[in-house]
Structures are given as structure tokens and as C-alpha cells.
Amino acid sequence: MALTQDTIARLAEHLETCELQARDTPKITDEHPDMDWDDAYAVQDAILARKLARGARVVGLKAGLTSHAKMKQMGVDTPVFGFLVDGFSVPEGGTVQTRELIHPKVEPEIAFVLKHALKGPGCHIGAVLAATDFVLPGIEVIDSRYRDFKFDLKSVVADNTSASRFVVGGRALRPEGVDLRTVGIVLEKNGQPVALGAGAAVLGHPAAAIAMLANHLGRRGQEIPAGSLILSGGVTEAVAVAAGDHVCLRVQGMGSVSLRFA
């Protein structure tokens, strides 16, 4: 690690304050170009500790940067990972207040809920599917705290991978009841399709993102607990939203889930 504990704590306070006050900031690697991956996840951990100290509960985990092409472009070989707390959760058909966010975008996701814990190293797609209770549609609202959505990967890890809100709903299916590689999705904004995709866009199979998360946590001596909800990563590019927008995700065989923005 390149950063001191005091610096990590200061950066965590700064980024979380930006989140809570809906205020943007230049990316933190401008000031700390030598920070490494351990530093970045340490800042994320410190943000989580601040939330837990105020009574928040962890309700899930998330993967980001789950496209092979994007990973190659950015020179990395694994997705990035973050946490979800109860304050991020929005009910099906619920409303997100845009005044609480900076520059929100939505991503269509396949969400996994585990019946058994998963721990790496050596976790693979088969282990993920065996440990999965059900899958269902989800929409993640990402909202980078960095000015103009411009950041590098270490900065975005520190910023909890731009997590801000999410909703899950639709029809839950057992993993053996759907081919997660070929399942089709349509993301609609105000009744018009704005993004189309299939599950294979996420690392060839959405469960691959869950396996990589388990292996990432395993290297840190942690596991994905039983009962966890995990967002496996955006199936398509993120779509910008504003007050007045209605977003609906339709997933083949799994129904739909929706959000409004006010």
C-alpha cells in the first residue's frame, strides 16, 4: 500500500461526503497518483465502515467493468467490485430523487441470490450456479462522484464503483430454468427501447462475474455469504437519466422491473 491510514480515512470521508451531498470532485488519483489497488479497496472499505457506524446494513454486492473488451481497453484482467447497503435499495416501481444524485445513469443487470456461501480461490461458473437460489432482473443506478464521470479504475474502486441506487423485481427463476448466456434484455426509457443485449455480454456468462467476485474476496480472506444479492454487471452501456424519466427493464422469461426519477 502506498497511502497512510490517515490519508485513506480522509479520502473516504471526502468521497462519502460528496455522495451524501450530491457534490462532484476531481478523481482522487490526481492528488495521489501512486495509490495502488489495495489502497483503492481500503478507501472503499473505510466508506463502508462509516456507513455501518451510522446503522446501515449491507444488503448485497456488485460487479462492474464486466465486459472483456472494456477490461482489455483499460489494461486489467478482472472486474471491479463494490458493496450495496440498505439505503441504496429502491422498491419495484419506486421513485429515485435526482436531487440526491449528481449525474445518474442506469444499467440493466441480472441479479443473483445465493442459497450457499461462495469462497475463492478456484470458484467457477459451475460453483456459482450450484450455490444460486434464484436469478432476477435488476436495474442499477450508477452515479460517479467524479466530475463529468471522468475517472480511472483505482479512483472508481475507491468510490465504491459508482454505486448509488438499485432495484430488483420481475420473476425470479432457478438458474437451471434459464440460459443466462442467451437470455435477452431490453432497457426502455419513457416507453422507448434505449439498449438491447444478452447475458453473454457479461464476461461470456453473468455467473463468471460472481465467480470472480468470490475469488477476489477469497484473496482477502472473505466470502460471499449465503443469502447475498449480487448485481453481476451491466449487460449494456449505461444510459443517462433525469427527473421525469421512467425506466423499465424487460428480461426474457423473467418479466420486468422499473423505476421512476423525480
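**Salt bridges and strand pairing in the predicted model**

The side chains of R250 and E188 form a salt bridge, with an N to O distance of 3.0 Å. R250 belongs to strand 11 and E188 to strand 7, so this contact ties together parts of the chain that are 62 residues apart in sequence. The structure is a predicted model, and the distances and accessibilities reported here are computed from it. The two partners differ in their exposure class: R250 is partly exposed, with a relative accessible area of 40%, whereas E188 is buried at 14%, a value that falls under the 20% limit for burial.

The strands that carry this pair are also joined through their backbones. Strand 7 (residues 184–189) and strand 11 (residues 246–251) run antiparallel and are connected by five bridges. Within this pairing, L187 of strand 7 is found opposite L249 of strand 11. The R250–E188 salt bridge therefore links side chains of two strands, 11 and 7, that are already paired by these five bridges.

Strand 11 has a further partner in strand 12 (residues 255–261), to which it is joined in antiparallel orientation by six bridges. One of the facing pairs consists of V247 and L259, the latter in strand 12. Strands 11 and 12 form a hairpin in which three residues separate the two strands. In the turn of this hairpin, G253 adopts a positive phi of about 80 degrees. Strand 11 thus has antiparallel bridges both to strand 7 and to strand 12.

The salt bridges of the model number 15 in total. Among them is the contact between R10 and E31, with an N to O distance of 3.3 Å. R10 is located in helix 1 (residues 5–21) and E31 in the loop between helix 1 and helix 2 (37–53), so the pair connects parts that are 21 residues apart in sequence. R10 is partly exposed, at 39% relative accessible area, while E31 is exposed, at 51%; the latter assignment follows because the boundary for exposure is set at over 50%.

The loop between helix 1 and helix 2 contributes to another contact, as D24 in this loop forms a salt bridge with R147 at 3.1 Å, N to O. R147 lies in the loop between strand 5 (132–142) and helix 5 (153–158), so the R147–D24 pair ties together parts that are 123 residues apart in sequence. Both residues are partly exposed, R147 with a relative accessible area of 37% and D24 with one of 27%. In addition, salt bridges with shared partners join E16, E19, R50, K51 and R54 into one network.

Disulfides are absent, with a count of zero. Of the cysteines, C123 is buried at 11% relative accessibility, and C248 is likewise buried, with a relative accessible area of 8%.

With respect to annotation, an unreviewed UniProt entry assigns residues 90–258 to the domain "Fumarylacetoacetase-like C-terminal". Over this range the chain is 16% helix and 34% strand, and the C-alpha atoms at its two ends are 10 Å apart.

Notes: Residues numbered from 1 in each chain as written. Predicted model: local features only at pLDDT ≥ 70, side-chain atom pairs only at ≥ 80, totals over all residues. Heavy atoms only, no water. Pairing = 2+ DSSP bridges. Helix = DSSP H or I, 4+ residues; strand = E, 2+ residues; numbered from the N terminus. Disulfide = S-S within 2.5 Å. Buried < 20%, exposed > 50% of the residue type's maximum accessible area, 1.4 Å probe, protein only. Salt bridge = Lys/Arg side-chain N within 4 Å of Asp/Glu carboxyl O. UniProt positions renumbered as here; feature names shortened; annotations may be inferred.
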